[in-house]
Amino acid sequence: MHSIDPSDSGALLRQAVAHHQRGELAQADALYAAVLVRDPANFDALHLAGVIARQRQAPELALDLITQALAIDAGRAIAHCNLGAVLQDLGREQDALASYERALALQPDYPMALCNRGNALRRLGRLDEALASYERALALAPSYAEAFCNRALALQALDRHADALDAFGAALTQRPAYAEALHGAGVSLAALDQAEDALEAFDRALRAQPDYVASWCSRGTLLLRAQEAHAALDSYDQALRLRPGHPRAQLGRANALRALGRRDEAIAAYEAAAACGADGATVAYLLASLGAAPAPQASPAGYVAALFDQYAGRFDRHLVDVLRYRTPTLLADVLARQLAGRSGLDILDLGCGTGLCGPLLRPLARQLEGVDLSAGMLAQARELGVYDALACGELTAYLAQTPARWDVLAAADVLVYVGDLDPVLAAARQGLRAGGTFVFSVEALDGDGYSLRASGRYAHAAEYLAMLAARHGFTVREQVACTLREDSGEPVAGLVFALGL
């Protein structure tokens, strides 16, 4: 091989690019630096050194280098596209989107910029626009595996899991060992309650990329949901070996230890999860359920939404077939006695979930609406076609937006995620019309007030509920002791209340 004259910037640059293309980043980086010593305003050396900095997970350096390159020549679409990718690494999605738009203004038929633009839009929650951007990329590059995969992720975010699976399949047709597409398919399969296929997808992703931490975590979540806590713990431990201090893996490990009844280890693992950056409110709540922290007044909204989003696909079958869930029928029976044949009512199903109460409430309703924290649950409820409207939100905030609008409020197995029910009854009082009825279930507590149980649900005393009802101007029209469902084969004692104005 002939030696290269260090003064020959062009030859040095060509050699650097050759190393870069072979993945020899250290050699390429040294040669780009040599070019810049000779020619500090060399666009290509600055730009490509910035690309290497991003590949080496140094986004601040990458931002500086690519910005310098664009100051020399702002007319290069590829540099704007790479700058957008760096900005996304830094969490600056809006700035990234602007960079992709500049790239596309320079080169409208640029598939990578369209795909990356879709990623920025997706992360900004502009999902329909993201889908359109991916589709434009695929129209230009029909075998673009990343665009298929990212389109699938947008469909997944819209709870269109069957469509997402088709798109992941298209990505895998182009690249059979595409770990991200395999993992994404597993997530959608799990959401569709195809647990065996989901586990196989996660395992395939890990065969393709054994250090894929997200797949180890998703595998652990799936196994924990299937009550295979030992296997779940092993998956989370694998993730933590690969990435010590990973918040999701550490929180999952704590959940697995909790499921195994290893209380002290679970407490230590939850504390470690908080130190790693896991959601503080969720960790504090789970520690409280183990008696290791003060109980909050209610379950954190993010915890409840995440819990039910991942549970949505199999929620109804699990409740009815495994837990012998009876609460909707119990509420409907009480409501039928209270309404005495009335119908044509405006009814709000609080915490409607997948809509198990909907068919029972529909015959009584002129207008039937539902509100729930879980978008995944609402997607299932929407499929029933029995609700006139569904909203994603917290129930007391929703009631505050609809004062004196409802004849009936129904809350089946919802208030078990709220300890202090004073704000709920205040909101119900505000939302009901004169003569309205609030019917709800709670888990029964022998004692005073309310208590957070190890299950992560609250139980309430009858006397506490009667006191709150009186405080807010309600009359206790009916109170029924009952069995709400089973938990580990044991009956869960509950109360169904009907309060009237």
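# A guided tour of pockets, rings and turns

The second largest pocket, with a volume of about 860 Å³, is the place to begin. The model is predicted. Select Arg54, Asp89, Asn119, Arg123 and Glu180, which lie nearest the centre of this pocket among its 25 lining residues. Next, colour the helices α3 (43–55), α5 (77–89), α7 (111–123) and α9 (145–157); each of them supplies at least two residues of the lining. In character, the lining of the second largest pocket divides into twelve nonpolar, seven polar and six charged residues.

From α3, move along the chain to glutamine 57, in the loop between α3 and α4 (59–72). Its phi is near 60°, a positive value in a residue other than glycine. Most residues other than glycine have a negative phi. Glutamine 57 has a relative accessible area of 72% and is therefore exposed, the cut-off being over 50%.

Two contacts between a charge and a ring come next. Display phenylalanine 43 together with arginine 76: the arginine lies over the face of the ring, at 4.1 Å from the ring centre. Then select tyrosine 178, where the charged end of arginine 175 sits over the ring, 4.2 Å from its centre.

Now turn to the aromatic pairs, of which the count is seven. Select tyrosine 285 and tyrosine 458, whose ring centres are 6.3 Å apart with 45° between the planes, a tilted pair. Tyrosine 285 belongs to helix α17 (residues 280–289) and tyrosine 458 to strand β7 (residues 458–460), so this pair ties together parts that are 173 residues apart in sequence. Both tyrosine 285 and tyrosine 458 are buried. Add tyrosine 450 to the selection: its ring centre is 6.0 Å from that of tyrosine 458 and the planes meet at 70°, so this pair is edge-to-face. How do the accessibilities of its two partners read? Tyrosine 450 is partly exposed, at a relative accessible area of 29%, while tyrosine 458 is buried, at 0%. To complete the view, show Tyr303 and Tyr464 as well; with Tyr285, Tyr450 and Tyr458 they form one aromatic cluster.

The next stop is an enclosed space. The count of cavities of 30 Å³ or more comes to one, and the largest cavity holds about 40 Å³ of space. Which residues line the largest cavity? Select Pro328, Leu331, Ala332, Leu335, Cys357, Leu360, Leu361, Ala410 and Val439. The elements that give two or more residues to this lining are α20 (327–339) and α21 (358–361), and α20 gives the most, with four residues. The lining of the largest cavity consists of nine nonpolar residues, with no polar and no charged ones.

Leaving α20, select alanine 340, in the loop between α20 and β1 (345–350). Alanine 340 has a phi near 50°, a positive value in a residue other than glycine. At 65% relative accessibility, alanine 340 counts as exposed.

The tour ends at a pair of strands. Show β8 (residues 475–487) and β9 (residues 490–500), which run antiparallel and are joined by eleven bridges. Threonine 475 stands opposite glycine 500 in β9. At the turn, two residues lie between the strands of this hairpin, and serine 488 there has a positive phi of about 55°.

Conventions: Residues numbered from 1 in each chain as written. Predicted model: local features only at pLDDT ≥ 70, side-chain atom pairs only at ≥ 80, totals over all residues. Heavy atoms only, no water. 1 Å grid on protein atoms, 1.4 Å probe; cavity = no way out; pocket = protein on both sides within 12 Å on 5 of 7 lines; lining within 4 Å. Points joined across faces, edges and corners; volume = space filled by probe spheres on them. Nonpolar A, V, L, I, M, F, W, Y, C, P; charged D, E, K, R; others polar. Pairing = 2+ DSSP bridges. Phe/Tyr/Trp six-rings, centres within 6.5 Å; stacked < 30°, edge-to-face > 60°. Buried < 20%, exposed > 50% of the residue type's maximum accessible area, 1.4 Å probe, protein only. Lys NZ or Arg CZ within 6 Å of the ring centre and 35° of its normal.
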